Amino acid sequence: MPITRRRLITISAALALLPAVARAAPQTSKHWTGQALGARASIRIDHPDSEAIAARVMAEIDRLEDILSLYRADSALSRLNRQSHLAEPPFELLECLSLASAVNHASGGRFDPTVQPLWTLWAEAAVRGGRPDPEAIAAAKALVGWHKVELDTAKIALRPGMALTLNGIGQGYVADRVAALLEAEGLTDILIDTGEFRALGGSPEGGEWPVRLEASGSVGLRQRALATSSPLGTTFDAAGRQGHILDPASGTPAPAIWRALSISAPTAAVADALSTTACLLKDIDQVELLVELFPGARVEAADRW
């Protein structure tokens, strides 16, 4: 059965690992459900060594959450936001932020992990049933700007009041790390879904993994990743007009130009970041120009309102 984006939205950060089964070996099945990066996650494996594989994958997700999650108070990212500095940051946080930096540069600053103060402002206003006033938006915008972040192997430093978010790249990065773990064990024919799709090899039944797009049609994945972003997929208001993807330049939600944008790339982190950034661009030519800066990336679908 094709995997639909609507199903993905329903189960949020679901993780489905389906390795090729050794035909002569007895099959065992493992099913796990829990949390990953603040969303529901599940693992479904059919493999002779499913119990051990699932345990290793769960341990890796848990380890990455201790580094990247805003939903864990003592994660490396949460400590950085709380203290404005982090000495000897974990490699994974540096790698993820370095990828984010590359997309920030290529997009002229549109992709910016420092928008967390703006996101918090809009989320808190939504709880009150309103929207932030212009003065509050201006104050939060003053805390935004990737150029204000100091990033090297010795430390990460933020200016007082700044905070980072990995929304828009973190789920893709986790998919890539899980893929690396499984590939190192020699596993192939796997589809990983952490909110973004990452394929190792193709479908065990033969051919590519069929992933149905939200707009229309489908994409076949083999040894590449796919991410879809919908500006109004999550909103701050009951009317569904204030989307969750924020423009760091204006401090407000991205204009409702795109219903959904799907981009594929060799890695899920890059596909994730590019699809998020594309929602802030006005036309398909701008989207294509951005995507062309990243080798192997391409626009799979762009559905306008």
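Guide: Let's start with the overall picture: 51% of the chain's 305 residues count as buried. Keep in mind that this is a predicted model.

Visitor: Okay, and what does the secondary structure of the chain come to?

Guide: Nine helices and 13 strands. As for contacts with a separation of 6 or more, 63% of them link residues 24 or more positions apart.

Visitor: Say I want to read a pair of packed helices. What describes them?

Guide: You want two things: the angle between their axes and the distance between the axes. Take helix 7 (residues 170–184) and helix 8 (residues 268–278) here: their axes come within 7 Å and cross at roughly 165°. Angles over 145 degrees count as roughly antiparallel, so that is how helix 7 sits relative to helix 8. The crossing is right-handed.

Visitor: Which residues in helix 7 and helix 8 meet?

Guide: On the helix 7 side you have Gly 170, Gln 171, Gly 172, Tyr 173, Ala 175 and Asp 176, and they meet Ala 268, Ala 269 and Asp 272 in helix 8.

Visitor: Let's zoom in on Asp 272, then. Is Asp 272 buried or exposed?

Guide: Buried means under 20% relative accessible area, and Asp 272 counts as buried because its relative accessibility is 3%. Its side chain reaches the backbone nitrogen of Ile 169 at 3.3 Å. Leaving aside neighbours within four places in sequence, Asp 272 also has contacts that include Gly 168, Glu 196 and Ala 227.

Visitor: Now strands. Where do the side chains of strand 10 point?

Guide: Look for alternation. In strand 10 (residues 218–221), Val 219 and Leu 221 point to one face and are buried, while Ser 218 and Gly 220 point to the other and are not. Strand 10 runs antiparallel to strand 9 (residues 209–212), with four bridges joining them. One residue pair to click on is Arg 212 and its bridge partner, Ser 218.

Visitor: And for an open sheet, what is the order of the three strands?

Guide: Read across the sheet rather than along the chain. The order is 4-6-5, with antiparallel pairing. Strand 4 (85–87) and strand 5 (150–151) are the edge strands, each pairing on one side only. Two bridges join strand 5 to strand 6 (residues 155–157), and Leu 151 stands opposite Ile 156 in strand 6.

Visitor: Which strands does helix 3 lie across?

Guide: Helix 3 (residues 76–83) lies across strand 4 and strand 6, and it runs at about 130° to strand 4.

Methods
Residues numbered from 1 in each chain as written. Predicted model: local features only at pLDDT ≥ 70, side-chain atom pairs only at ≥ 80, totals over all residues. Heavy atoms only, no water. Buried < 20%, exposed > 50% of the residue type's maximum accessible area, 1.4 Å probe, protein only. Pairing = 2+ DSSP bridges. Polar contact = N/O pair within 3.5 Å; in protein donor to acceptor, adjacent residues only side chain to side chain. Contact = heavy atoms within 4.5 Å. Axes fitted to C-alpha atoms, helices over the stretch in contact; angles between N-to-C directions. Parallel < 35°, antiparallel > 145°, perpendicular 65-115°, else oblique. Left-handed = near helix turned anticlockwise from the far one by under 90°.
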